[in-house]
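Here is a friendly walk through one protein model, for someone meeting it for the first time. Take a look at the structure, then read on.

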Amino acid sequence: MNLDLAVLEAFRALTGIAPDGIWRAPGRINLIGEHTDYNDGFVLPFALPQAAYLAAGRRDDARIRVVSVDLGERFETGLDELAPNQDGWHAYLAGVFWALREAGHEVGGADLALASDVPIGAGLSSSAAIECVLVEALNDLYDLGIEPMDRAKLARRAENAYVGAPTGLMDQAASALCTAGHALFLDCRSLAVEQIPFDPERHGHAVLVVDTLTRHSHADGEYASRREDCERAAELLGVPALRDVGDDDLAERLAVLADDQLIRRARHVVTEDQRVLDACAALRADDFAALGALMTASHVSMRDDYEITEPSVDLTVETALAHGAAGARMTGGGFGGCVLVLAALDRLDEIGAAIRAAFADSGRPAPATFVARPAAGAGRLA
Ligand code: GLA
């Protein structure tokens with residue numbers, strides 16, 4: 001069943017009435033620019049067709065009632081009971097109410113039915129999709145008049161302060177602001193955005209997403225420790241953020257860190273920022289060979305300098321390249337999840353088959369694959 005119909009039915013079962021509306025907010029894939037967002041740098045994500053769907057209706061009291069179609073579970077709480085540092089699927093929703101109220105927005109209770117087809121823990125921003133779909137719905141239901149970038153920031157606040165994950169702004173900005181047929185260039189310091197046309201199939205290429213199905217349970221702690229390394233490196237270099245380290249004479253500049261790990265972490269971020277700018281130029285020139293080379297260089301940097309890849313994603317990238325991909329890289333926070341493969345259309349089948357064979361040969365379960373086309377960002381469906 002379509003997820004918009006699924007949430008409509010679930011809402012009716014929860015409340016006995018029709019919702020005030022149905023909203024959708026997508027997951028995202030990051031084309032390039034990994035672990036740069038919290039360093040005030042650059043990112044280049046695009047929205048996926050996979051999304052979170054929410055049927056929502058206002059309530060006159062201060063209660064929140066929510067049903068998850070995917071889990072078959074219900075949750076209920078009062079607005080005055082919300083407190084940060086919560087676990088569980090409903091924390092992403094409760095956190096949005098909390099963030100809106102904390103920012104002074106007059107938001108009341110709501111009945112909600114949620115469903116999502118964004119794979120969980122795959123590096124495709126399933127949590128940002130949930131946060132963004134609710135911000136979108138409450139903004140409409142309560143006439144809050146919040147601009148799209150501020151909606152993204154409030155969704156991020158729910159993630160950082162309520163759920164307790166110290167992430168950057170990329171995922172929520174992508175879900176809130178992306179448009180179909182474009183990648184979103186975001187400067188995470190100025191928050192300037194540019195929609196860059198991205199239609200690889202018009203140029204005989206496609207982005208194949210390979211979900212390795214590897215999920216790393218220590219990813220949260222590793223993410224936080226990368227962030228700390230970056231902050232320490234910026235402090236030692238005397239700059240507000242690693243964004244401010246140019247890549248001229250990089251080896252010399254980073255040598256003052258006098259610590260091999262810090263040097264490699266900082267080198268990843270500084271070179272990755274430049275790769276995002278170069279990737280924007282490649283997109284504008286429809287130069288898929290250049291884009292592919294930048295993606296592969298990004299993967300090597302994540303593998304060797306930032307140390308956030310793991311054997312399944314490395315195997316996927318190596319196999320794709322050995323079978324003629326233009327480029328390949330892991331996407332998202334790291335330690336598993338998805339690889340993006342950029343390849344000519346006539347190579348896709350061979351590359352997909354080779355990756356499946358490599359997984360079978362090494363005793364891994366078959367990866368899930370799909371071709372990703374840049375989809376629309378968050379919005380109201382009905
Ligand atoms: C996660 C975070 C983002 C970003 C990426 C890495 O997806 O939520 O803010 O830091 O990891 O690029």
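## A six-strand sheet

Strand β4 and strand β6 (residues 109-116) run parallel, and five bridges join the two. For a spot to look at, try Arg65: its bridge partner in β6 is Asp111. Keep in mind as you go that this is a predicted model.

Those two strands belong to an open sheet of six strands, and the order is β5-β4-β6-β3-β1-β13. The pairing in this sheet is mixed. At the edges sit β5 and β13 (379-380), each of which pairs on one side only. In general, the strands of a sheet pair through backbone hydrogen bonds, and they can do so parallel or antiparallel.

## A three-strand sheet

There is also an open sheet of three strands, in the order β2-β7-β8. Here the pairing is antiparallel. The edge strands are β2 (42-43) and β8 (193-197), and each of them pairs on one side only.

Zoom in on strand β7 (residues 182-187) and you'll find five bridges joining it to β8, with the two running antiparallel. One pair to pick out is Leu184 in this region, whose bridge partner in β8 is Gln195.

## Strand β11 and its partners

Next up is strand β11, which covers residues 338-344. How many of its seven residues are buried? Six of them are, so the strand is mostly covered by the cut-off of under 20% relative accessible area.

Strand β11 pairs with β9 in the antiparallel sense, over seven bridges. Along the way, Ala206 stands opposite Ala343 in β11. Strand β10 (residues 327-330) pairs with β11 too, again in the antiparallel sense, over four bridges. There, Gly327 stands opposite Leu342 in β11.

## A closer look at Asp211

Asp211 has its place in strand β9, which spans residues 205-211. Is Asp211 buried or exposed? Its relative accessibility is 5%, so Asp211 counts as buried.

What does Asp211 touch? Leaving out residues up to four places away in sequence, Asp211 touches Pro119, Ala122, Gly337, Cys338, Pro367 and Ala368. Of these, Cys338 falls in strand β11 (residues 338-344). On top of that, a polar contact of 3.0 Å joins the side chain of Asp211 to that of Arg215.

## Two residues with a positive phi

Two residues, neither of them a glycine, deserve a quick stop for their backbone angles. Glu307 has a positive phi of about 55 degrees, and Phe335 has a positive phi of about 65 degrees.

Both sit in loops. Glu307 is in the loop between α9 (288-304) and α10 (311-322), while Phe335 is in the loop between β10 and β11. As for how covered they are, Glu307 is partly exposed because its relative accessible area is 34%. Phe335 has a relative accessible area of 8%, so Phe335 is buried.

## The largest pocket

Now for the empty space. Rolling a probe the size of a water molecule over the atoms shows where such space is left. The largest pocket holds about 1,300 Å³, and 50 residues line it. Which of them lie nearest its centre? Those are Tyr92, Gly121, Ser126, Ser127 and Glu159.

Several elements give two or more residues to this lining: α2, β6, α3 (126-141), α4 (148-163), α5 (170-177) and α6 (219-237). By class, the lining of the largest pocket divides into 18 nonpolar, 23 polar and nine charged residues.

## A single cavity

Besides pockets there are cavities, and the count of those of 30 Å³ or more comes to one. The largest cavity has a volume of about 30 Å³. Its lining is made up of Ile64, Val66, Phe75, Thr77, His90, Leu93, Ala94 and Leu112.

Where do these residues come from? The elements that give two or more residues to the lining of the largest cavity are β4 (63-68), β5 (73-78) and α2 (91-102). Sorted by class, that lining has six nonpolar and two polar residues, with no charged ones.

Technical notes. Residues numbered from 1 in each chain as written. Predicted model: local features only at pLDDT ≥ 70, side-chain atom pairs only at ≥ 80, totals over all residues. Heavy atoms only, no water. Buried < 20%, exposed > 50% of the residue type's maximum accessible area, 1.4 Å probe, protein only. Polar contact = N/O pair within 3.5 Å; in protein donor to acceptor, adjacent residues only side chain to side chain. Contact = heavy atoms within 4.5 Å. 1 Å grid on protein atoms, 1.4 Å probe; cavity = no way out; pocket = protein on both sides within 12 Å on 5 of 7 lines; lining within 4 Å. Points joined across faces, edges and corners; volume = space filled by probe spheres on them. Nonpolar A, V, L, I, M, F, W, Y, C, P; charged D, E, K, R; others polar. Pairing = 2+ DSSP bridges.
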